[in-house]
Each structure stands twice: as structure tokens, then as C-alpha cells.
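User: I'd like to talk through the pockets and the ligand site here, and hear the reasoning behind each label. Can you take me through that?

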Amino acid sequence: MKRLSLTAADTVQFSRIVRGLNFFGAMNMAMLERILEGLQLCECDRGEKLCVQGEAGDTFFVVQEGKLTVSVRKGRLSLAKKVATLGPGDCFGEMALLHQAPRNATVACDTLSRLFVLPATHFQAVLNQNPEFAKEINDLAAARQSELDRKLD
Ligand code: CMP
């Protein structure tokens, strides 16, 4: 994962993407600045894994560019099943952060991809500030968990 410098245009794009999740809600300016200071932009090669099922995770991702596959396996010896494809505007990595648990699935890049990366501490601060965001992201995680359960049946 290569870290890129984040331009003002990237920050605007991030803000546009996460508006649909009520990410900034009624956040005050100081908090908004603190969150954006923690934001990173990274480039990842095809085949690179950003989340590995069963491993600890401490980041939340928002896809700027590229295509990624979410896959899950029941046990170490079983084959991985594809669960979803993620692309620009999609987010992932929320489940481990919400539940302080290991990653529930593996997310790998199908193409060269660019991602906004937010550390867990900043993600938590946004959750604390915005009940609307907390609801949206919990609903999203619950829907994804149901899909994972279905795949693993
Ligand atoms: P996390 O468990 O932190 O790491 C793996 C991520 O894959 C997970 O968070 C979700 O963001 C994502 N994920 C899991 N299941 C699905 C799904 N059904 N559709 C899309 N993304 C998923």
C-alpha cells in the first residue's frame, strides 16, 4: 500500500462520497478539520489485500478508484466464496471497528485502486459525533453480516 499526498480536490471528493452516509452530520468545524487531518489516500496494486478475514483491523476505507472483491471462507481449508464487488464510492472495513472484532472477510484489489483510509480513532470520533452516521453504518454492517451468513450456510 503506497501512501499518496491528499489534494484539496481529493478531500472534496471524499466529503461528497461520505455525505450519503451522513458522515459529517452536524459536526463542528474543529472536529471536521481533525477528522480530515487523519484522512490518508493510498494506492494499492492488483492482488493486494486490504482486509484479511480473521486478522485484526484498525482502519476504515472508502474507495476512490478501482475494483475490489470481498470474499469469505468457512474454515481454513475451504475455498473462498465471492461475496461482493466494491468500486468507487463504496466503503468497507466498518465491521471490525464497530464490533472490536477481527475482519469478517477478505477484501482484495482486482485492479490498481486508490482508497481513502481513516484510522479507527477518527472513525470512532465520527461515530460519537453523529448518531445518524452511527445508524447508517450499523445498518450497512448488519445487512453485510446477513449476506455473509447466507454465503457461509
Ligand atoms: P471488516 O469485517 O472490518 O473487514 C472486511 C470487510 O468486508 C467488512 O468489514 C465489510 O466492510 C466488508 N464486507 C463484508 N461483507 C460484505 C458484503 N456482504 N458486501 C460488501 N462488503 C462486505
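Analyst: Let's start with the second largest pocket, which holds about 230 Å³ of space. This is a predicted model, by the way. Among the residues lining that pocket are Lys-49, Gln-53, Arg-73, Lys-74, Arg-76 and Thr-106.

User: What makes a residue part of the lining of the second largest pocket?

Analyst: A lining residue needs an atom within 4 Å of a pocket grid point. Val-52, Ser-71, Val-72, Gly-75 and Ala-80 are also in the lining, so each of them passes that cut-off. By class, that lining has three nonpolar, four polar and four charged residues.

User: And how much space lies in the largest pocket?

Analyst: About 280 Å³. It has 17 lining residues, and Val-70, Phe-92, Met-95, Ala-105 and Arg-144 are the closest to its centre. β6, α3 and α5 each give two or more residues to that lining. The classes there are 11 nonpolar, two polar and four charged.

User: How do you know which pocket the ligand takes up?

Analyst: The test is that more than half of the molecule's atoms lie within 2 Å of the pocket's grid points. The ligand's space is the largest pocket, so the ligand meets that test there.

User: Why are Glu-94 and the ligand said to make a polar contact?

Analyst: The cut-off for a pair of N or O atoms is 3.5 Å. A side-chain N or O atom of Glu-94 is 2.6 Å from a ligand oxygen, so that pair counts. Ala-96 does it with a backbone N or O atom, 2.9 Å from a ligand oxygen, and therefore qualifies too. For the side chain of Arg-144, the distance to a ligand oxygen is 3.2 Å, so it's also a polar contact. As for cover, the protein hides 98% of the 460 Å² of accessible area that the ligand has on its own.

User: Which residues surrounding the ligand are the closest?

Analyst: Of the 16 residues around the ligand, those are Gly-93, Glu-94, Ala-96, Arg-103 and Asn-104. The shell includes at least two residues from each of β6 (81-86), α3 (94-99) and α5 (131-152).

Note on methods. Residues are numbered from 1 along each chain as its sequence is written. This is a predicted model: local features need pLDDT of at least 70, side-chain atom pairs count only at pLDDT 80 or more; totals for chains, interfaces and linings use all residues. Side-chain values use heavy atoms; hydrogens and water are left out. A residue is near a molecule or strand if one of its heavy atoms lies within 4 Å of it. A polar contact is a pair of N or O atoms within 3.5 Å; within protein, one must be able to donate a hydrogen and the other to accept it, and residues adjacent in sequence count only if both atoms are side-chain atoms. Accessible areas come from the Shrake-Rupley method with a 1.4 Å probe; for residues, only the protein chains shown count as cover. On a 1 Å grid over the protein atoms alone, a cavity is a set of points where a 1.4 Å probe fits but cannot get out, and a pocket is an open set with protein on both sides within 12 Å along at least five of seven lines; lining residues have an atom within 4 Å of a point. Helices (H or I, at least four residues) and strands (E, at least two) are DSSP runs, numbered from the N terminus. Grid points are joined across faces, edges and corners, and a volume is the space filled by probe spheres set on the points. Ala, Val, Leu, Ile, Met, Phe, Trp, Tyr, Cys and Pro count as nonpolar, Asp, Glu, Lys and Arg as charged, and the others, Gly among them, as polar.
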